[in-house]
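Student: I have a new structure to look at, and I'd like to learn how its labels are earned. Can we go through it together?

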Amino acid sequence: PPIAMWHGIATEAGASGAPLLVGALGWLECALREEVAAGTHTFFVCEVLRVELGEDAPALTRVRGRYGSA
């Protein structure tokens, strides 16, 4: 989403300087390798550079348009 929508969301800098959401279940820091057009969307192919575990909590899921925990 536009950067203005992230106002007030707590972040911290990752190893590459990218903003990481505080309190997330984990983080993947990646390098973009390719962008593939897929109809009205773009599929991003990335190389994972760093993985870090975060909070130990149920994951947020979205199934059939509804949010829940898994």
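Student: Is Gly8 buried or exposed, and what makes it count that way?

Tutor: Keep in mind that this is a predicted model. Gly8 has a relative accessibility of 73%. The label "exposed" asks for over 50%, so Gly8 counts as exposed. You'll find Gly8 in the segment before strand E1, which covers 11–13.

Student: How far apart are Gly8 and Val36 in sequence and in space?

Tutor: Gly8 and Val36 are 28 residues apart along the chain, and their C-alpha atoms are 32 Å apart in space.

Student: Let's move to charges. How many salt bridges does a search of the whole structure find?

Tutor: The search turns up three. One of them pairs Glu29 with Arg50.

Student: What makes the Glu29 and Arg50 pair a salt bridge?

Tutor: The closest N and O atoms of Glu29 and Arg50 are 2.4 Å apart. The cut-off is a nitrogen of Lys or Arg within 4 Å of a carboxyl oxygen of Asp or Glu, so this pair passes. The two partners come from distant parts of the chain: Glu29 sits in strand E3 (residues 26–38) and Arg50 in strand E4 (residues 41–53), with their positions 21 residues apart in sequence.

Student: Why is Glu29 called buried?

Tutor: Its relative accessible area is 6%. Buried means under 20%, so Glu29 earns the word. Arg50, on the other hand, has 31%. That value lies between the 20% and 50% limits, so Arg50 is partly exposed.

Student: What does Glu29 touch, leaving aside its neighbours within four places in sequence?

Tutor: Glu29 is in contact with Gly14, Ala15, Ser16, Leu20, Glu47, Val48, Leu49 and Arg50. With Ser16 there is also a polar contact between side chains, at 2.9 Å.

Student: How do you know that the Glu29 and Ser16 pair is a polar contact?

Tutor: Their side chains come to 2.9 Å, and the limit for such a pair of N or O atoms is 3.5 Å, so the distance fits. The side chain of Glu29 makes another polar contact, with the side chain of Arg50, at 2.4 Å.

Student: Which residue besides Glu29 forms a salt bridge with Arg50?

Tutor: That's Glu52, with the closest N and O atoms 2.4 Å apart. Shared partners join Glu29, Arg50 and Glu52 into one network. Glu52 has a relative accessible area of 29%, which falls between 20% and 50%, so Glu52 is partly exposed.

Student: And what makes Arg33 and Glu47 a salt bridge?

Tutor: Their side chains meet at 2.5 Å, N to O. The limit is 4 Å, so the pair qualifies. Arg33 is in strand E3 and Glu47 in strand E4, 14 residues apart. Arg33 has 53% relative accessibility, and exposed means over 50%, so Arg33 counts as exposed. Glu47, at 36%, counts as partly exposed.

Student: Where does Cys46 lie, and why is Cys46 called partly exposed?

Tutor: Cys46 lies in strand E4. Its relative accessible area is 40%, in between the 20% and 50% limits, so "partly exposed" is the right label. Not counting residues up to four places away in sequence, Cys46 touches Cys30, Ala31, Leu32 and Arg33. The C-alpha atoms of Cys46 and Glu29 are 9.3 Å apart, with a separation of 17 residues in sequence.

Student: How much space lies in the largest pocket, and which residues are closest to its centre?

Tutor: There's about 270 Å³ in the largest pocket. Eleven residues line it, and the closest to its centre are Trp6, Pro19, Leu20, Leu21 and Trp27. Strands E2 (19–21) and E3 each supply at least two residues of that lining. By class, the lining has nine nonpolar, two polar and no charged residues.

Student: Last one: what is the phi of Arg64, and is Arg64 buried or exposed?

Tutor: Arg64 has a positive phi of about 50°, although it isn't a glycine. It lies in the loop between strand E5 (60–63) and strand E6 (66–69). Arg64 reaches 82% relative accessibility, and exposed means over 50%, so Arg64 counts as exposed.

Notes
Residues numbered from 1 in each chain as written. Predicted model: local features only at pLDDT ≥ 70, side-chain atom pairs only at ≥ 80, totals over all residues. Heavy atoms only, no water. Helix = DSSP H or I, 4+ residues; strand = E, 2+ residues; numbered from the N terminus. Buried < 20%, exposed > 50% of the residue type's maximum accessible area, 1.4 Å probe, protein only. 1 Å grid on protein atoms, 1.4 Å probe; cavity = no way out; pocket = protein on both sides within 12 Å on 5 of 7 lines; lining within 4 Å. Points joined across faces, edges and corners; volume = space filled by probe spheres on them. Nonpolar A, V, L, I, M, F, W, Y, C, P; charged D, E, K, R; others polar. Polar contact = N/O pair within 3.5 Å; in protein donor to acceptor, adjacent residues only side chain to side chain. Contact = heavy atoms within 4.5 Å.
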